[in-house]
Amino acid sequence: MYLFKQRAALRDFLEQEKKAGKRIGFVPTMGALHEGHLSLVRDAKAATDLVVCSIFVNPTQFNDPKDFEKYPITINEDIQKLTSAGTDVLFLPSVTEMYPEGVNAQHPNYDFGYVETVLEGAHRPNHFQGVGIVVHKLLDIVAPADLFMGQKDFQQCMIIKRLLEITGIPCQLHICPTLREADGLAMSSRNMRLSPEERKTAVQISRSLKALVRNIRQQPFGELRETARNELENAGFLVDYIEIADAGNLQILSAPIPGPMVALAATKLGEIRLIDNMLI
């Protein structure tokens, strides 16, 4: 696996690979890698000729400075995992490499529309602008044919889909299924910050979502949301939201629709914020 820390060197290397006819697949991450990330690498390997993975904890997408400071950093373990998964290139830039103009400089403002205003957008102001800034920068550097992201960050995937439309970057987005632990908890880098007791409790998120999905045609949506919220609060969670939305545009629903729907939850357990979703 090749390791690059400078944008220019990576860009030059990838241009040569593209001239040799190779199709580039890209997996952007913030590190603290788990099996979910590695499944994206494997999907990229199956669909492309050369897989680039980035590890960069992006300061502009954290609206809580404490969350940024405490985000888990496990670079040595991450490198071992990526090598074992067959990653071809790792991009490991510094903050100054990604933001030579300064983190607090004037950045582009993206018109993500309605999808930026609800759910995560409502609870984490400017979060998706930060995501847009860094993903746009990474796509300009890597210029991949294919981009691989996980369904667990469902709303983020919709934001990136919109980013590709806005910028006209010729890249195909692949949204890959959420991987779960044996008990059903969605794999997440934040899980490693849970205490053993919190880890046992955390599985209630997927249990409540699963019950909601199972009863989606039997009960009014208001009742389903209230039941799930009560279950989570009784287990010790602080609930940001439990919602049922149109999977195509994230419009919040009050009754079933003919097309695909998605149930989404965001909660805090102690200091750790956890999100999950299930397609219906």
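Reader: Where does valine 103 lie?

Author: Valine 103 sits in the loop between α5 and α6. Helices here are DSSP runs of H or I with at least four residues, strands are E runs of at least two, and both are numbered from the N terminus. This is a predicted model, with pLDDT of at least 70 required for local features and 80 or more for side-chain atom pairs, while totals for chains, interfaces and linings use all residues. Residues are numbered from 1 along each chain as its sequence is written, and side-chain values use heavy atoms, leaving out hydrogens and water.

Reader: Why is valine 103 called partly exposed?

Author: Its relative accessible area is 28%. Buried means under 20%, exposed means over 50%, and partly exposed is in between, with a 1.4 Å probe and protein chains only. Valine 103 at 28% is therefore partly exposed.

Reader: What does valine 103 touch, not counting residues up to four places away in sequence?

Author: Valine 103 touches Pro59, Thr60 and Val95 on that count; contact means heavy atoms within 4.5 Å. Arginine 42 is 61 residues from valine 103 in sequence and 32 Å from it in space, C-alpha to C-alpha.

Reader: Tyrosine 99 is in the loop between α5 and α6 too. What makes tyrosine 99 buried?

Author: The relative accessible area of tyrosine 99 is 3%, so it falls under the cut-off for buried. Leaving out residues up to four places away in sequence, tyrosine 99 touches Phe56, Asn58, Pro59, Thr60, His107, Ile133, Val134 and Lys137. Lysine 137 is 38 residues away along the chain, with 9.1 Å between the C-alpha atoms of the two.

Reader: How do you know whether proline 125 is buried or exposed?

Author: Neither word fits: proline 125 has 46% relative accessibility, so it counts as partly exposed. Proline 125 is in the loop between α6 and α7. Its C-alpha is 9.2 Å from that of glutamine 61, and the two are 64 residues apart in sequence.

Reader: What is noted about the phi of leucine 250?

Author: Phi is near 65° there, a positive value in a residue other than glycine. Leucine 250 belongs to the loop between β7 (238-246) and β8 (261-269). Its relative accessibility is 0%, so leucine 250 counts as buried. Alanine 143 also has a positive phi, near 45°, and sits in the loop between α7 and β5 (146-150). Alanine 143, at 40% relative accessible area, is partly exposed.

Reader: Which residues have the most contacts inside the largest nonpolar core?

Author: Ile160 and Leu250 do, in a core of 46 residues. A nonpolar core is a set of buried Ala, Val, Leu, Ile, Met, Phe, Trp, Tyr and Cys residues joined through side-chain atoms within 4.5 Å. Helix α7 (residues 127-142) gives the most to this core, with 9 residues. A second, separate core has 23 residues, including Leu185 and Ile216.

Reader: Why are α10 and α11 called roughly antiparallel?

Author: Helix α10 (residues 204-214) packs on helix α11 (residues 221-234) at about 160°, with the axes 10 Å apart. Axes are lines fitted to C-alpha atoms, for helices over the stretch in contact, and angles between N-to-C directions run from 0 to 180 degrees. Under 35 degrees is roughly parallel, over 145 roughly antiparallel, 65 to 115 roughly perpendicular, and the rest oblique. The pair α10 and α11 is therefore roughly antiparallel.

Reader: What makes α2 and α4 roughly parallel?

Author: The axes of helix α2 (residues 35-47) and helix α4 (residues 75-85) cross at roughly 30° and come within 10 Å. That angle is under the parallel cut-off, so α2 and α4 count as roughly parallel. Leu38, Val41 and Lys45 of α2 meet Lys81, Leu82 and Ala85 of α4.

Reader: And how do you know what to call α1 and α7?

Author: Helix α1 (residues 7-19) and α7 pack at about 50°, with axes 8 Å apart. That angle fits none of the other ranges, so α1 is oblique to α7. The contact joins Arg7, Leu10, Arg11, Leu14 and Lys18 of α1 with Asp140, Ile141 and Val142 of α7.
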